[in-house]
Structure formats: C-alpha cells, structure tokens
Amino acid sequence: YTEKLGGLQIINHPGQYWSIDKTYDNDNFQKDSPAWHVRNFQSYPSLIGLEVYNQGNRRPNDRILWDQILDKIMPERPVYGYSCDDAHTLDHYFRNYQFMLMDELSIPALKDAMHQGKLYFSYEPGGSGAARAPRIQNIQVDDNTKTITVEADSDEIYWISGTDIKDGVANTRKSTVVGYGKTFYFDGFQGNYIRALIKNQYGETATQPFGFGEITHSSVSIEKNHDTRLKIYPNPANDFITIQSVSMIENIKLYDINGKMITKLNDVNETTFSVKLNALKAGVYFVNVQTKDFTKQEKITVTN
C-alpha cells in the first residue's frame with residue numbers, strides 16, 4: 001500500500017527485534033537476519049532507510065546491523081541511516097535529528113531528499129536543542145587523487161566499512177574503522193562502501209554510505225568492478241528498454257522516482273526481454289529485475 005500511495009518507509013529500532021548475541025541463518029533469510037533485511041530492501045523500493053540511532057542511543061548495535069546490511073547490498077541498493085527521537089516524554093526530545101539537504105521546503109523536495117539519501121544525521125546526548133553535534137559544510141570526491149574529503153566543524157572523523165568478528169562469536173561483532181581524518185584515500189580499497197562518522201564534545205554525526213561500483217543511488221559513484229550479470233539498455237531510453245540477464249528473468253517491476261510501482265511483469269521466463277516505455281512521462285525511473293539467481297535494481301532515464 002505504501003508503494004501504491006507513493007510513500008516512503010524506514011525501519012524503526014530494528015534492535016528491538018534482532019540481537020547481536022544471536023547467530024542467524026543468512027543463507028535461508030532467517031527473519032531479522034542481515035540477509036532478510038537485504039531481501040526486503042531489494043524487493044521494496046519504497047523502503048529507503050534504517051533507524052540506526054533511536055531515542056538517544058539505546059540500541060547502539062543497530063549501526064552494526066546497518067554495516068552488515070550495507071556490506072551485502074552496496075553499491076546497487078543503498079540503505080540510508082536515520083536518527084530519531086522516538087519521543088514518548090519531553091526529555092526524549094532533541095538528542096536525535098537529521099539535516100535534510102533540500103532546495104526548497106516542499107513535500108516533493110523532502111521525498112526526493114529521502115529517496116536519494118540527501119541527508120546526514122546526528123546524535124547529541126545532551127539534547128540542547130541547538131544542534132551542537134558536528135555540522136558538515138562540504139563533501140568532495142576527487143577521482144584523480146582517489147579521495148573523499150569531508151569538511152566539517154570537527155576534524156575527528158572515522159571512516160567505517162563492514163564489520164569484524166572474533167572467532168565466529170556473534171556478540172564480538174563490531175563495525176570496522178578503516179581510516180581516520182577528513183580525507184579517505186580509496187585507491188586500492190576493496191570494500192563495497194565507506195561511511196564517515198564525525199565526533200565532537202557534544203555528540204556525533206554520520207554521513208550516508210558512499211558506494212564503490214558502476215551503479216549507485218548515492219551522491220557518489222566511484223567506479224570499481226563492472227557487474228556483467230545484467231544489462232539494461234539503452235539508457236537514457238525513449239520507446240523501450242531491453243533487459244539482458246545471464247540468469248532466467250522471473251519478474252520485472254518499474255517504479256517512478258517516488259517509489260510508486262507503475263508496471264509489474266510476472267512469469268517472464270526469458271534471459272532477454274524488452275519493456276515498452278512510450279506511455280511514460282520523461283523522468284527518472286527504477287527497474288527492479290528478479291532472476292532465478294539474483295535481484296538487481298537500476299536507475300534509467302526516460303526522454304519521451
């Protein structure tokens with residue numbers, strides 16, 4: 001129903017349902033496992049984020065879950081982090097907040113910021129109401145020097161990617177810090193993503209993940225390895241697109257920029273299939289392709 005109405009969703013306080021002390025069966029998508037979350041994010045374009053700070057910081061392991069999800073799903077399908085008060089009483093206010101990067105104060109601009117991950121978020125234990133956690137002034141990606149640089153009002157910046165675990169014991173898992181300082185050098189970096197955590201005396205602020213790959217929805221697209229399992233062409237497109245897969249295509253879903261499903265094709269049972277676009281308005285769309293062996297989502301531009 002959310003998709004049909006053009007709405008967007010985030011998962012609130014997942015730590016209420018999953019536990020770092022538990023070993024999950026990811027191969028069979030056990031409920032609340034990282035793989036179970038990954039499948040949900042791949043299946044529902046309207047599902048765009050995960051609450052990783054909740055009511056202050058009462059479930060800090062949710063960032064570990066976030067990193068496990070990102071490690072499996074990036075760069076093809078970013079999952080954006082959120083920090084929410086979950087305020088039940090007055091003293092719960094002002095510890096958690098987002099900075100939404102919008103050109104105007106409108107619902108379409110807000111939905112675009114949420115859908116594209118144009119936001120960063122903070123946790124301030126003191127809850128001053130003055131937003132004293134670090135502020136980000138600029139983020140610069142330089143493909144020539146292979147660097148990402150974050151300009152903020154604090155130089156205490158940690159770069160995080162993936163998780164570490166000791167001797168296979170679930171509750172030893174932790175997010176992995178792979179760099180420190182305002183600049184991250186990604187030449188030779190083998191991870192699927194990187195995210196920055198900035199700290200000062202009042203609290204901490206986090207960026208959204210930067211994906212390393214040919215295709216990403218984040219504001220950064222850093223080329224790594226080409227995924228040749230699925231091709232969608234031409235892009236930009238006019239009358240039609242052709243989807244070519246190394247695995248049998250089971251179904252195809254087409255979504256608009258707001259995550260509303262506008263086309264669903266079941267029982268395709270082909271490795272090459274064309275989808276007509278001539279009834280669509282010009283704009284950006286997302287194509288979700290489920291095959292026998294994998295699911296992928298790609299962004300296309302229609303120029304009708």
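This passage describes the confidence of a predicted model, followed by helix α3 and a nonpolar surface patch.

The mean pLDDT of the chain is 88, and 94% of the residues reach a value of 70 or more. Confidence varies between the elements: strand β12, residues 204-206, has the highest mean pLDDT at 98, whereas strand β14, residues 221-222, has the lowest at 46. Over residues 215-226 the pLDDT stays under 50. For residues 215-226 the model has 40 contacts beyond four places in sequence.

Helix α3 spans residues 107-116. At the start of α3, a side-chain oxygen of Ser 106 comes to within 3.2 Å of the backbone nitrogen of Ala 109. Ala 109 is itself one of the buried residues of the helix, the others being Ala 113, Met 114, His 115 and Gln 116. The buried residues of α3 pack against five strands, namely β2 (47-54), β3, β4, β5 (119-123) and β19 (283-291). Just after the helix, Gly 117 adopts a positive phi of about 70°.

Strands β3 (80-84) and β4 (96-100) are joined by a loop that contains Tyr 93. Together with Leu 90 and Phe 94, Tyr 93 forms a nonpolar patch on the surface. The accessible area of Leu 90, Tyr 93 and Phe 94 together is about 350 Å². Tyr 93 counts as partly exposed because its relative accessibility is 38%, a value between the limits of 20% for buried and 50% for exposed residues.

Definitions and conventions
Residues are numbered from 1 along each chain as its sequence is written. This is a predicted model: local features need pLDDT of at least 70, side-chain atom pairs count only at pLDDT 80 or more; totals for chains, interfaces and linings use all residues. Side-chain values use heavy atoms; hydrogens and water are left out. Patches are made of residues with over 30% relative accessible area and no salt bridge: like charges are joined within 9 Å, nonpolar side chains (Val, Leu, Ile, Met, Phe, Trp, Tyr) within 5 Å. Accessible areas come from the Shrake-Rupley method with a 1.4 Å probe; for residues, only the protein chains shown count as cover. A salt bridge is a side-chain nitrogen of Lys or Arg within 4 Å of a carboxyl oxygen of Asp or Glu. Helices (H or I, at least four residues) and strands (E, at least two) are DSSP runs, numbered from the N terminus. Buried means under 20% relative accessible area, exposed over 50%, partly exposed in between (1.4 Å probe, protein chains only). Contact means heavy atoms within 4.5 Å. A polar contact is a pair of N or O atoms within 3.5 Å; within protein, one must be able to donate a hydrogen and the other to accept it, and residues adjacent in sequence count only if both atoms are side-chain atoms. pLDDT is the predictor's confidence in each residue, from 0 to 100.
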